[in-house]
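Please open the model in your viewer and keep the selection tool at hand, since this tour moves from one group of residues to the next and says what to look for at each stop.

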Amino acid sequence: MRLSQEEIEEELKNLPGWSVVNEKLHKEIEFESFNQAFGFMTRASMEIEKMNHHPEWFNVYNRLVIDLMTHDAGGITKNDTNLARILNSLL
């Protein structure tokens with residue numbers, strides 16, 4: 001179920017570094033190296049597969065851009081905020 005704007009704003013209080021861009025949860029991370037960025041993506045992929053909830057992400061060298069939304073719901077859901085929380089815990 002899609003979260004309301006108020007619910008999203010409340011969730012963002014507990015999601016450091018995340019914002020809403022183009023109706024998606026959005027975070028940009030800069031690592032020290034490509035190896036660190038790729039390592040994070042590898043660790044994250046295991047959690048992502050467990051949830052069967054896959055992000056849109058884009059990696060160039062040491063930068064990773066992540067966007068989360070639930071396409072079936074047409075917006076941000078609890079699955080997205082849960083995944084954002086997990087991704088933050090892996091940093």
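Begin by selecting E28, which is partly exposed with a relative accessible area of 48%; here buried means under 20% relative accessible area, exposed means over 50%, and partly exposed lies in between, with a 1.4 Å probe and protein chains only. This is a predicted model, in which local features need pLDDT of at least 70 and side-chain atom pairs count only at pLDDT 80 or more, while totals for chains, interfaces and linings use all residues. Residues are numbered from 1 along each chain as its sequence is written, and side-chain values use heavy atoms, with hydrogens and water left out.

Now add R63 to the selection, because this residue, partly exposed at a relative accessible area of 37%, is the salt-bridge partner of E28, with the closest N and O atoms 3.2 Å apart. A salt bridge is a side-chain nitrogen of Lys or Arg within 4 Å of a carboxyl oxygen of Asp or Glu. The pair links distant parts of the chain, as E28 lies in strand 2 (residues 24-30) and R63 in strand 4 (residues 63-68), 35 residues apart; strands (E, at least two residues) and helices (H or I, at least four) are DSSP runs, numbered from the N terminus.

Next, colour strand 2 and strand 4 together: they run antiparallel and are joined by six bridges, where two strands pair if DSSP finds at least two bridges between them. Within this pairing, I29 stands opposite L64 in strand 4. How many residues of strand 4 are buried? Five of its six residues are, which leaves the strand mostly covered.

Then show strand 3 (residues 56-60), which pairs with strand 4 in the antiparallel sense over five bridges, and in which E56 stands opposite D67. The hairpin of strand 3 and strand 4 has two residues between the strands, and Y61 takes a positive phi near 50 degrees there.

Return to the charged side chains, for which the count comes to seven salt bridges. Select K78 and E11, whose closest N and O atoms are 2.4 Å apart in a salt bridge. This pair also links distant parts of the chain, with K78 in helix 3 (residues 78-90) and E11 in helix 1 (residues 5-12), 67 residues apart. K78 is partly exposed, with a relative accessible area of 39%, whereas E11 counts as buried at 12%. Add R85 to the view, and you have a network of salt bridges linking E11, K78 and R85.

Another salt bridge to display joins the side chains of E10 and K13 (3.2 Å, N to O); E10 counts as partly exposed at 45% relative accessibility, and K13 as exposed at 63%.

Finish with the rings, since the structure holds two aromatic pairs. The ring centres of F31 and F40 are 5.5 Å apart and their planes stand at 35 degrees, so the pair is tilted; rings of Phe, Tyr and Trp (its six-membered ring) pair if their centres lie within 6.5 Å, and planes under 30 degrees apart count as stacked, over 60 as edge-to-face and the rest as tilted. F31 is buried at a relative accessible area of 12%, and F40 is buried at 0%.

Last, select F34 and F38, whose centres are 5.7 Å apart and whose planes are at 35 degrees, so this pair is tilted. Being four residues apart in helix 2 (residues 34-51), F34 and F38 are separated by about one helical turn. F34 is partly exposed at 36%, and F38 is partly exposed at 45%.
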